[in-house]
Amino acid sequence: HARQLYALVAETLRYSPVLEALLDGAALLQAEKKLSPPVAKVLVYDLLFGKGLKCGGRWKVLARRHRARLEAELARLKVRRGVSRNEDLLAPAPGAGPGALQVPRYARVNTLKTCVDDVVDFFKRQGYSFLGKAGSMEELRALSGKKFLLDLHLPELLVFPPQTDFHDNQLYTSGHIILQDKASCLPAFLLSPAAGSHVIDACAAPGNKTSHLAAILKNKGQIFAFDLDTKRLATMNTMLMRAGVTSFKLAQQDFLTVDPCDPMYSKVTYILLDPSCSGSGMVNRLLLEEAAPSAERLQALAGFQRKVLSHALSFPAVQRLAYSTCSVHREENEDVVHAVLQEQSSSFRLVNVFPSWPCRGLATFAGAECCLRASPADTLTNGFFVAVLERCGEQAAVPSSLPAAAEESLQQGGRAEPGAAPPRKKRRKKQQVQ
């Protein structure tokens, strides 16, 4: 039953932009005030795209009451998009964002449970052809059929053709791989906390970045993860347990209300901050051609983001912080970082991370090129922004722009390129999937 539930939730998330359009068109949430959006999405997915409603009672009655309206809205959506099959709604509409068709399926190997070699071997046994490590973005763009590559930037990220579906795959349901966009992997990778560190994930749900932090920490140390939504935290807890994460504490709390001087956080030296944003970089939103947020909405978001970033930097022991958004708007990205740096210029500086990454921050202030950007067209990912800040002055640790894996490689005489895999070591068998 748990496996069926994971599959249902995963498919609902995959169809999320389509379901949002149907809910809006049918005005279902306006008609049913007590129905929450997540529950509504699951019901509509099961009703129109799944294997039929499995629930009973009032939920079944409610869904059937709106069935005709939802089916009519689905038909209209297909006409507008010029498609005939339900699954074709997942593909970009004509004129959708540039490069949207080319965004691959990324699978991060969960090193808490397995290793890259074992996952590659598993997929080979399933009939996939492994083409080795990618040498260019063009190789990722050209992927098709049952072929896959090791990413050219991130050492534990496998790349498959777009629309490849792993939600029923044993590796996914067992937590051996995490389905996570490449850009979303950057914050934890660039924060690069040392094993044994205490880390805060300030806005943690749904938990992919938290599980990535745990893998980098090798389940040593401690992760404090905050989110306000009870249901999101419950889902996140299940996901982290499935991924084999043990060194974490979840708290249903607004990060802005967390006391930086609380002794519990006295050893926190790393913070990952991925605050609420417009989500304007998400490919599924580009596909639905959503209207750009208003200037007032952007300013409100930016005000919150500046406040939460300043709060994060007030933790007395913090040495390094990764700030990220899935937004393409300058107001939420470079402008936020610049404003906070002007307040904190004597305490923190921008780190020039990942020099080989092709897209840099917009040149809106001196040093903005230290920030990273991502986009469907240029990096074959969702639209994204990352900035890494590091404490300067006498209290600072030895400054570095390299992730720990790259520094280890440098110490062993290997390449120092950020994102390069460390030298091959003797294979360590973990929970190998047969």
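Here a colleague asks a modeller about burial, cores and salt bridges in this predicted model.

Colleague: What makes you say that helix α11 is largely enclosed by the rest of the structure?

Modeller: Burial, mostly. Eight of the ten residues in α11 (residues 208-217) are buried, so the rest of the structure largely encloses this helix. Among the buried ones are K209, H212, L213 and L217. Right after α11 comes K218, with a positive phi of about 60 degrees.

Colleague: Why is K41 called buried?

Modeller: K41 has a relative accessible area of 16%. Buried means under 20%, so K41 makes the cut.

Colleague: And why does E20 count as partly exposed?

Modeller: E20 comes out at 28% relative accessibility. Partly exposed lies between the 20% limit for buried and the 50% limit for exposed, so E20 belongs there.

Colleague: How do you know that K41 and E20 meet in a salt bridge?

Modeller: Check the N to O distance, which is 2.9 Å for their side chains. The cut-off is within 4 Å, so the pair qualifies. K41 sits in helix α4 (residues 37-48) and E20 in helix α2 (residues 16-26), so to speak distant parts of the chain, 21 residues apart.

Colleague: What about D274 and K209, what makes that pair a salt bridge?

Modeller: Their N to O distance is 3.5 Å, and that is also within the 4 Å cut-off. The pair links distant parts of the chain, with D274 in the loop between β9 (268-273) and α13 (283-287), K209 in helix α11, and their positions 65 residues apart. Both D274 and K209 are buried.

Colleague: Why are D227 and R232 put in separate burial classes?

Modeller: D227 has 11% relative accessibility, under the 20% limit, so it counts as buried. R232 has 39%, between the two limits, so R232 counts as partly exposed. They form a salt bridge, with the closest N and O atoms 3.6 Å apart.

Colleague: How many salt bridges turn up in the whole structure?

Modeller: Ten. R320, R349 and E390 are linked in a network of them.

Colleague: Which residues touch the most other members of the largest nonpolar core?

Modeller: Of its 51 residues, that would be L140, L186, L190, F354 and L372. Helix α10 (residues 182-191) gives the largest share, seven residues. Domain 2 (105-179) and domain 3 (182-393) each supply at least three. Another core of 33 residues lies apart from it, with F255, Y323, L341 and L350 among its members.

Definitions and conventions: Residues are numbered from 1 along each chain as its sequence is written. This is a predicted model: local features need pLDDT of at least 70, side-chain atom pairs count only at pLDDT 80 or more; totals for chains, interfaces and linings use all residues. Side-chain values use heavy atoms; hydrogens and water are left out. Buried means under 20% relative accessible area, exposed over 50%, partly exposed in between (1.4 Å probe, protein chains only). Helices (H or I, at least four residues) and strands (E, at least two) are DSSP runs, numbered from the N terminus. A nonpolar core is a set of buried Ala, Val, Leu, Ile, Met, Phe, Trp, Tyr and Cys residues joined through side-chain atoms within 4.5 Å. Domain bounds come from an automatic or database domain assignment.
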